[in-house]
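Please open the structure in a viewer with the sequence panel showing. What should be selected next, and what is there?

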Amino acid sequence: MAILAKLIYHDDVEVLTDACWALSYLSDGANEKIDAVVEAGTKKEACWAISNATSGGVNEPEIIHYLVSAGCIKPLCDILNISDPKIIQVALDGLENILKTGDKERAKTEGLNVYSDMIETAGGVDRIVNLQHHDNEEIYKKCYSIVEKFYSDDDDAGFEMAVNPETNTFDFPADNSNLGSGNFNFS
């Protein structure tokens, strides 16, 4: 553990990533392995290291590609379950940097942000949505921003609803062409 703790401060991105990957494997194992990682205090440092590396990757996407291929998404999503607000914020920053890079590369991926799907598969979206109820206002705002920017539902695009100022009720669009023939029956 002491060697891994030193390696997470290394300047070489490859060494740093491999050290973080090793910590991820250790913290995904039996409880005594997780306890050893936590006791060594390396899990939080690894989160800081990954997040710091992703901040450079916003302008250099190959850094993000490397970190993602090394498996950084799942550990960043998993650490969102801890109680330390500062580490949650750091993990959210890292995930947001990864998502920003994915957005910049939509032209290469048929309009998709492949990283958003990876974060969702790792359980990150559910955790981010749940963190919108966090007591820490910064965490709430960051989570809200991530959900709005990268996971908002575009299915209702074109559907506008406004409040009628005279009746103080909602006005729905007049176009009812997509409502069907009206032949549906529950009986």
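The stops below run from the nonpolar core to the salt bridges, a pocket and a loop. Keep in mind throughout that this is a predicted model.

**Stop 1: the nonpolar core**

Select Ile73, Leu80, Leu92, Ile98, Ile119 and Ile128. Among the 35 residues of the largest nonpolar core, these touch the most other members. Now colour the helices that feed this core: helix H4 (42-57), helix H5 (61-69), H6, H7, H8, H9 and H10 each give two or more residues to it. Which element supplies the largest share of this core? The answer is H7, with 8 residues.

Stay with Leu80 and show what surrounds it. Setting aside neighbours within four places in sequence, Leu80 is in contact with Ile88, Ala91, Leu92, Leu95, Gly124, Arg127, Ile128 and Leu131. Two of these partners, Leu92 and Ile128, are also on the list of core residues that touch the most other members. Arg127, another contact of Leu80, returns at the next stop.

**Stop 2: a salt-bridge network**

The structure holds 7 salt bridges. Select Lys74, Asp78 and Arg127, which are linked in a network of salt bridges. In general, side chains of opposite charge can pair when their charged atoms come close.

Take the Lys74 side of the network, then the Arg127 side. The side chains of Asp78 and Lys74 meet at 3.0 Å, N to O. Both residues sit in helix H6 (residues 73-78), 4 residues apart, or about one turn of the helix. The bridge from Asp78 to Arg127 has an N to O distance of 3.4 Å. How many residues apart are Asp78 and Arg127? They are 49 residues apart, and the pair links distant parts of the chain: Asp78 is in helix H6, and Arg127 is in helix H9 (residues 124-130).

Turn on the surface and check how open these side chains are. Asp78 has a relative accessibility of 24%, so it counts as partly exposed. Lys74 counts as partly exposed because its relative accessibility is 43%.

**Stop 3: a salt bridge within helix H10**

Move to Glu137 and Lys141. They form a salt bridge, with the closest N and O atoms 3.2 Å apart. Both lie in helix H10, 4 residues apart, about one turn of the helix. Are these two residues buried or exposed? Glu137, at 52% relative accessibility, counts as exposed, while Lys141, at 49%, counts as partly exposed. The cut-off for exposed is over 50%, so the two residues fall into separate classes.

**Stop 4: the second largest pocket**

Select Arg106, Asn113, Ser116, Phe150 and Tyr151. The second largest pocket holds about 170 Å³ of space. Of the 12 residues that line this pocket, the five selected are the closest to its centre. H8 and helix H10 (137-150) are the elements that give two or more residues to the lining. H8 provides the largest share, 3 residues. By character, the lining divides into 3 nonpolar, 4 polar and 5 charged residues.

**Stop 5: Glu110**

Finish in the loop between helix H7 (85-104) and helix H8 (114-121), where Glu110 is placed. What is the phi of Glu110? It is near 55 degrees, a positive value in a residue other than glycine. Most residues other than glycine have a negative phi. With the surface still on, look at Glu110 again: its relative accessibility is 76%, so it counts as exposed.

How values were computed. Residues are numbered from 1 along each chain as its sequence is written. This is a predicted model: local features need pLDDT of at least 70, side-chain atom pairs count only at pLDDT 80 or more; totals for chains, interfaces and linings use all residues. Side-chain values use heavy atoms; hydrogens and water are left out. Buried means under 20% relative accessible area, exposed over 50%, partly exposed in between (1.4 Å probe, protein chains only). On a 1 Å grid over the protein atoms alone, a cavity is a set of points where a 1.4 Å probe fits but cannot get out, and a pocket is an open set with protein on both sides within 12 Å along at least five of seven lines; lining residues have an atom within 4 Å of a point. Grid points are joined across faces, edges and corners, and a volume is the space filled by probe spheres set on the points. Ala, Val, Leu, Ile, Met, Phe, Trp, Tyr, Cys and Pro count as nonpolar, Asp, Glu, Lys and Arg as charged, and the others, Gly among them, as polar. A salt bridge is a side-chain nitrogen of Lys or Arg within 4 Å of a carboxyl oxygen of Asp or Glu. A nonpolar core is a set of buried Ala, Val, Leu, Ile, Met, Phe, Trp, Tyr and Cys residues joined through side-chain atoms within 4.5 Å. Contact means heavy atoms within 4.5 Å.
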